[in-house]
Amino acid sequence: MTVETVTKKSHDVVVVGGGIGGVCAAVSAARMGASVLLIEKSINLGGLATRGLISWYEPLCDGQGHRMVGGVGEELIRLAVSVGLEDLAPEWKKEGASPEEIKKRYCTHFSPTFFSLALDRWVLDAGVELVLDSHATYPVMDEKRLRGVLVEDAAGRAFYPAKMVIDATGDAMLAHRAGVPCELGNNFLSYWVHDFSYESAQKYVADQNLAAFRHWNHAGSSANGNGHPEGLKLFHGDSAEEITEFVLRGKELVWQKYEGIDPHTREIMTLPEMPQFRTVRHIVGKSTFQGTEDGVPCTHPIGVITDFRKGGTHYAIPYETLYHPDYPNLLTAGRVISATGEGWEITRVIPGCALSGEAAGAAAVLALSHGEDADRVPYDELHTVLEQKGVLFDLHA
Ligand SMILES: Cc1cc2nc3c(=O)[nH]c(=O)nc-3n(C[C@H](O)[C@H](O)[C@H](O)COP(=O)(O)OP(=O)(O)OC[C@H]3O[C@@H](n4cnc5c(N)ncnc54)[C@H](O)[C@@H]3O)c2cc1C
């Protein structure tokens, strides 16, 4: 059987993956006037943060009362809070609170459903074109340059030509298939559901806070391995067999979690719609963020973030973590950028994904006027654009 490939309209920037990294990259590029296509394999935006039920926005502050992440990272926390379920501390809601007044971190629970609905409007309002239920399969290469992306969708196979491509797939699938060197992650078994019960309903009524009603129930391991079944291997998450085993084992743990509870007093609200691997694959880029650079400036920062686990830490993320210099028109965004070990832990959460997304989108547009080459983007221009977008660069806030 021959499969016909339909060639679609060309775009300045094609972003693959509509998680936090991808939506931020797409919006950032579209707001600079580029024609942008966002390709998402599911039918809802937000990735792990929404379909993966990881509806907790890690802190945008340094734990000492200072904002660390501005730009779209901050815009998105405001969007999440505006659509309902949230527990952002009041001091972050009012204008101009001094660092001394601020006792809590700049973080919140949010509604994965309403936040995902809001993301549709957010990307469309920015002028991004969106195709859902469209699974990108392979890059089409001309040596090390991507001519565009092949996609399987309801109509068959399509080719989307692109001048610049951003891999925001969460597993660097596109970069890997283009030949970019990559590193695989190791994952403990984790399976999170959202449930409700008489208890959570009572708490909701008492506290008048929906965040107490939509209760996170966590089976398996925490981020540091507590709860990982003894003797069980770690998972990379890079094959159907691995993903199936990870998910089925996780579901068994969920059954165990509810054993002995009267079935009429509890209900699972939503199962995750994607496997909850923290780290699948990242590129090995021009530079790699290690996570040891607390307080250390870098030559070409795209902004600063904190370690969500440790207040008082300040990290500058280098622009060169977003690409490999041999692949001129491919950038990355989100948890697939070049960050390893502790560096991967620090960058993979929502604020870090928003930051790299915003920078990748801006860099892609600037590259268009400089030979479509990520490595030739003049850093001063990128810095100016990011500052205009509200990105913060102060390492010693
Ligand atoms: C168990 C767990 C707990 C976590 N806890 C927190 C937390 O409390 N707070 C926090 O801030 N972060 C947390 N994180 C991390 C955070 O949620 C994610 O790392 C982050 O949201 C990732 O965003 P992303 O856009 O890089 O990737 P993803 O969210 O994975 O998005 C990638 C998107 O690309 C799409 N896609 C993939 N392949 C293709 C393809 N071939 N074609 C088209 N589309 C494709 C996917 O459908 C998805 O929508 C946690 C993660 C896990 C797993």
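Ala, Val, Leu, Ile, Met, Phe, Trp, Tyr, Cys and Pro count here as nonpolar, Asp, Glu, Lys and Arg as charged, and the others, Gly among them, as polar. On that division, the shell around the ligand in this predicted model has 16 nonpolar, 13 polar and 6 charged residues.

The shell is a good place to start. There are 35 residues around the ligand, and those that come nearest are Gly17, Gly19, Gly47, Gly170 and Gly334. Two or more residues of the shell are given by each of α1 (20-30), β4 (56-57), β7 (135-142), β11 (190-197) and α9 (350-368). The largest share, 3 residues, comes from α1.

Of these elements, β7 can be followed into a hairpin. Its partner is strand β8 (residues 145-153), and the two pair in the antiparallel sense over 7 bridges. Within this pairing, Ala136 stands opposite Val151 in β8. The hairpin has 2 residues between the strands, and in it Glu143 takes a positive phi near 60°.

From the shell the description moves to the interior. In soluble globular proteins, nonpolar side chains tend to be buried together. The largest nonpolar core of the model has 106 residues, and Val13, Ala26, Leu331 and Ala363 are those with the most contacts inside it. Helix α9, which also gives residues to the shell around the ligand, supplies the largest share of this core, 13 residues. The core draws at least three residues from each of domain 1 (8-185 + 281-388) and domain 2 (190-270).

Ala26 shows how one position is set within this core. Apart from its neighbours within four places in sequence, Ala26 is in contact with Val15, Val36, Leu38, Val123, Val128 and Gly361. A second core, separate from the one that holds Ala26, has 6 residues, including Phe188, Phe235, Phe277 and Val280.

The last level is that of the domains. The domain assignment of the protein gives two segments to domain 1, 8-185 and 281-388, and the segment 190-270 to domain 2. Their C-alpha centres lie 27 Å apart. The contact between them takes 10 residues from domain 1 and 11 residues from domain 2. By class, the side of domain 1 that touches domain 2 has 3 nonpolar, 3 polar and 4 charged residues.

Taken together, the two domains are linked in two ways: through residues in contact with each other, and through the largest nonpolar core, to which each gives at least three residues.

Key. Residues numbered from 1 in each chain as written. Predicted model: local features only at pLDDT ≥ 70, side-chain atom pairs only at ≥ 80, totals over all residues. Near = placed C-beta within 6 Å. Helix = DSSP H or I, 4+ residues; strand = E, 2+ residues; numbered from the N terminus. Pairing = 2+ DSSP bridges. Core = buried A, V, L, I, M, F, W, Y, C linked by C-beta atoms within 7 Å. Buried ≥ 20, exposed ≤ 12 C-beta atoms within 10 Å, placed from the backbone. Domains from an automatic or database assignment. Contact = placed C-beta atoms within 7 Å.
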